[in-house]
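Hi,

Here is the structure I said I would pass on. Have a look when you get a minute, and my notes follow below.

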Amino acid sequence: MIVALGLVVAACGGGGVSASPSGSGVSSEVPSEQPFESSGTFEPMAYPEEPAECGFEGDADHGPYAGEFSQIRAIDETTVEFELCYPDVSFLQKIAFSSFAILDTASLENDMENHRVLARPNGTGPFMITEWQRGDHITMVRNPNYWGEAPSFETLIFRWSVDSAQRFVELQAGAVDGIDNPGPEDFAAIEGDSAFALFPREGLNTFYVGFNNNPQIEGYDNSTNPFADQAVRQAVAMGIDRQQIVDNFYPPGSEVASHFTPCAITFACVGDPWYEFDAEAAQAMLADAGYPDGFSTTIHLRDVVRGYLPNPTQVATEIQTQLRENLNIEASIDVQESGTYIDNADAGALDGIHLLGWGADYPDMTNFLDYHFGGGASAQFGDKFDDLVEVLQVGATSTEDADREAAYVEANNLIREYVPMVPIAHGGSATAFQADVENAHSSPLSNEQFAGMVPGDRDQLVWMQNAEPIGLYCADESDGESLRACEQINESLYAYEVGGTAAEPALATECTTNEDGTLWTCTLRDDVTFHNGARLDANDVVLSYAVQWDLEHPLHIGRDGSFTYFSALFGGFLNNPPAEE
Amino acid sequence: MTDRIPAVTADVLEPVRVTGRPANIWTDTARVILRQRSAQAGVAILGLLLFLAIFADIVAPFGPTQDLRYGDTPERIARLTPPCVHLLGCATTNPQHLFGVDGNFFDVFSRVVHGTRISLFIGFVTVGFAIVLGTLIGAVAGYAGGWVDNVLMRLMDVVLSFPALILAIAIVTVIGSGIIQAQLAIGIVAIPIYARVMRASVLSIKERDYVTASRALGESSRGILARRILPNALTPLIVQGTLGIGGAVLEVAALSFLGLGAQPPLAEWGSMIGQNRNFIFNAPHLIIFPGIALSLTVLGFNLLGDGMRDALDPRLNR
Amino acid sequence: MLRFILRRLLLSIPVLLGVILLVFVLARVIPSDPCRAALQERATDEICEAFNARYGLDEPLPTQFVQYIGQVLTFDLGSSIRYNRPVSEIIFERLPLTMELTIMALLFASVFGILLGIVSAARRNSPTDVVTMVVANIGVSTPVFVLGLILAWLFAVVLRDTPIALPPSGRLTSGIDIRSIPEVWGITDLQGPLRAILDFVSNMYIFCALITGQWGAFLDALKHMVLPMVALGTIPLAIIARMTRSSLLDVMGLDYIRTARAKGLGQRAVMLRHGLRNALLPVVTIIGLQLGLLLSGAVLTETIFNLAGMGKTITEAIQGRDYLVVQGLTIVIAVVYLVINLAVDVSYGFLDPRIRLR
């Protein structure tokens, strides 16, 4: 719902600004009312100099380009234009993402090649990195020149421990002020203790039990695969008591999934809700399908704790028990190493049943449904369902809400009918803080902001999360633990509201779009300085995006060079290598 | 680096070689061993464990993966219920669970009892595997000498150049997690110990009169190895092996603890501890009971091994 | 003696090469790759192919191995794929913690092990002796991970709010900082190897705080080290106690002790003045042998107490398929291991002249 608001705000912009040709006239004549100190001549940058060819099919030098951007250009010191190849209803949601934080041009140029940017990014955020004791903690101090409201305390410390029990004990001992993801079993203890405050986090994620209707395993005989039969899949969908699973293994605040996508996302819960649990009906269906005595199969999983699956092996064991008791299906459990598991899932090499889930990158239907069931989806569930693929295509490209809604009603009903998977739960989680921490909160996108908190009368706030950030140049990071740390020191043009999902202006005072939604114009704040004292201007924005976008950009280096979120959210990189013969 | 492993060498067999009455070697040896107090304690503990392993189905009130909510007499019981022993004052209206209930509605006592079976099996199989391969390598190296010896023993040195657990973790990552794979990994890591014991035995026996005599009589190398040398090297191997079983049980449990060995819901103690480590503060019974069982098993083998070594090694005989 | 050391060093070369080969092969035949391990759900074939090409992981393995050997021989361990930082840097920041933990555990084990051994031997077959040896036997049989978890539960939860409560994780309380040795001594301008050594030592918090007199930090670091130290040191402690006892009893049976006793010296004086010195020889070697065990145990201890040492880093790197980190750290540990073993063997020679070193 909140998300919808954000989208509406975006749509309200209207085509105010016309595209001015790039490079026309040097805009050094900054209007005098702008409180710029004379910063010398400003030469607006356009990237690439000539707009990229949309839908470029590739030639001898380069592979095809199917991305969203055509050109990003500075107009004057505080104005940036994004020229798009196709309209994008979630543009503001995307640019608010922390991978697209704006960094200073000089520090990008100086610190990228020597990897300094990975440890000491020069951002604009309320905190500045002072020390990263690897393996142990990160220390940040308040940014004295912050453009927004400065934090009330001096030092912010990030610590981490993979064990929820250990995080909780540290909280109890008073050694930390706040922890992420207390164990589900500890929720009651935290709530019952007046020294602590619990902040449940709505689950923008889905845990599901997947089936493969045609496993890609050498020598696999699909005629013996019970899950090739839609009726069997439906029977299992009906024969799993999802309420039991959520009640016993998920923390309070979790929900039994009524649809694949969590309902907080617009259009997620249109169409019929999921099957009711009915063991007898399920057994009858299974018998009709030719399995009166059940069958044996395998439950594949990886033992990795995620928001959608707080206790993997226990839930797997529970599902094993339920299959046996409710449906006579004997399942053995196969735990695989995480990377191997994802590999196998993508390759469609997991027969039987597999347990997986998905957490929202940005709150939109496409991020959930297209990834799993769309035309570009992997072989995870076996053969695709053509009508489902088609209707998802409609949902992703329509700009009218009514059209999108109709498409998603149909998509959800098709998923319910075909049962490529059984959505089990939207896993809630929480943060817990010392009771005297004011403005403590949890964020549905897991990007808690500490700047606004007041840690009692202390001058430092210690936060303990699940794992150590891998790097702090978040254009090239994809894990939540790194992103949360980045969000304290770097900022994007927009930001998600504190504790919510709506995108609101941050470094930009506003971004508006033209009528057909292919040109976005962002106006920057004029009072922002980077941690090193440099001023934020439009060229910083262009370069921050360009280094991610262009594979051939000399600064397209990052940590491992994947820039996963850029390609995932904006459709691909520029200057792909030519396809191999 | 020949003296790294406090190996038992062939010398220890001297006092036991009761010549002339081969039929009674084993009973005599047993008598000598059982004179040791530590061996008595070890045998007592292992006897208890063996009993539990054999009669697990009778001793344990439930199956190792029997969900208490289902079955013939379904119970309405909460997850992670702490131990309830009627004799110790737990209300008789509550169902009795000696070691409490775990996160999957399984009876912890039943799982610990069934775990005995698994751990004893792990210990014997792992060490058995290591002894067989180690003996083979050690015998070949010791008997052949020269470059064969050199290459084989340098190979053993390579294996010994890693902390055992780290190498085992690497091996398990390569061949995949699982209880069999974990045993294989721990077995491989243990091979050099037995290879060295065997090689030392072979070297010390090789030049003895009766071996030289057999050789002079035209017996083949293989025959000498199998009939003359191996039987005499057996005692140190068995002593070392008994001491090694405790270690093997521990190391496989450690792999399972790290999630690389036994996979849930198998009732393996290390895996039970590892899976429940986040409950250590609110349901410590999930850790403490399998922990005690694990220690007890290792203790049993260690005591017996110590007893054997003390009994059979004249230098330590007091 | 010198010839012995030289010979052993030469013998170590093929072993070391074998170690490098084994580690390299093990690291590379692990299924999956660093790209999938890092990106998880978000990995796609295109991204991962580009990734592998970028890191030269698409080259044939023998080519990669030859390149790697070449690097290692010039003391370049390469860069972490996951962190994009030199492996040597990672070792530099992780090794001191493991060394500190191991040294503390060994110290704890030796001091208390020898004490218990002496007490036991002095009152042979008394209840004290029996209890001590029973406890020692239980100690040897308790897995590090069981003991560690139970200690954490006992001292951080059960005894919370009492004066003997101890922290269950981390190295320092947040907010307490330890200034490095060069900082305290005001020699931050110093460069080169001496600076590197000082920085390395500064990473051993307890030691650093001790020699620079930062007493608050010293106490805090020590408090954090107690539980890991006890968890890791208990098995060696038990082994050392048993060894001390039996070795002391051995020595006490020897002729010269009988002579000393015949001269009218008291039991205690005989034991401490004459027995102990000789009895400690085998104990010293057994202490050396424990180092290997400790390095294995460190993996578990670091995991349980959330300490970013070598053991935890290697396990994480294996899970993350961070090949060069796995290789680099394991090779360093193997070298440390070889050196320790050499030292132990040499110490045999010093301590017991009857052993001829060939």
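At roughly what angle do the axes of helix H4 (residues 108-144) of chain B and H9(B) cross? This is a predicted model, and in it the two axes cross at roughly 140 degrees and come within 7 Å. The crossing of H4(B) and H9(B) is right-handed. On the H4(B) side, the residues making the contact include Ser119(B), Gly123(B), Ile131(B) and Tyr143(B). From H9(B), Leu237(B), Gly241(B), Gly244(B) and Ala248(B) are among them. Sorted by class, the contact of these two helices has 12 nonpolar and 7 polar residues, with no charged ones.

Now the chain contacts. Between chains B and C, 38 residues come from chain B and 40 residues from chain C. On the side of chain B that touches chain C, the elements giving two or more residues are helices H5 (146-160), H6 (164-175), H9 (221-257) and H11 (285-312) of chain B. H11(B) gives the most, with 9 residues. That side of chain B has 26 nonpolar, 6 polar and 6 charged residues.

Chain A touches chain C too, with 34 residues from chain A and 34 residues from chain C. Here, strands turn up on the chain A side: E6 (155-160) and E18 (460-465) each give two or more residues, as do helices H5 (164-172), H11 (338-346) and H17 (564-570) of chain A. H11(A) has the largest share, 5 residues. By class, this side of chain A divides into 11 nonpolar, 15 polar and 8 charged residues.

Cheers

Key: Residues are numbered from 1 along each chain as its sequence is written. Chains are lettered from A and ligands numbered from 1 in the order in which they are written. This is a predicted model: local features need pLDDT of at least 70, side-chain atom pairs count only at pLDDT 80 or more; totals for chains, interfaces and linings use all residues. Two residues are in contact if their C-beta atoms, placed from the backbone, lie within 7 Å. Helices (H or I, at least four residues) and strands (E, at least two) are DSSP runs, numbered from the N terminus. Ala, Val, Leu, Ile, Met, Phe, Trp, Tyr, Cys and Pro count as nonpolar, Asp, Glu, Lys and Arg as charged, and the others, Gly among them, as polar. Axes are lines fitted to C-alpha atoms, for helices over the stretch in contact, and angles run from 0 to 180 degrees between N-to-C directions. A crossing is left-handed if the near helix is turned anticlockwise from the far one by less than a right angle, and right-handed if clockwise.
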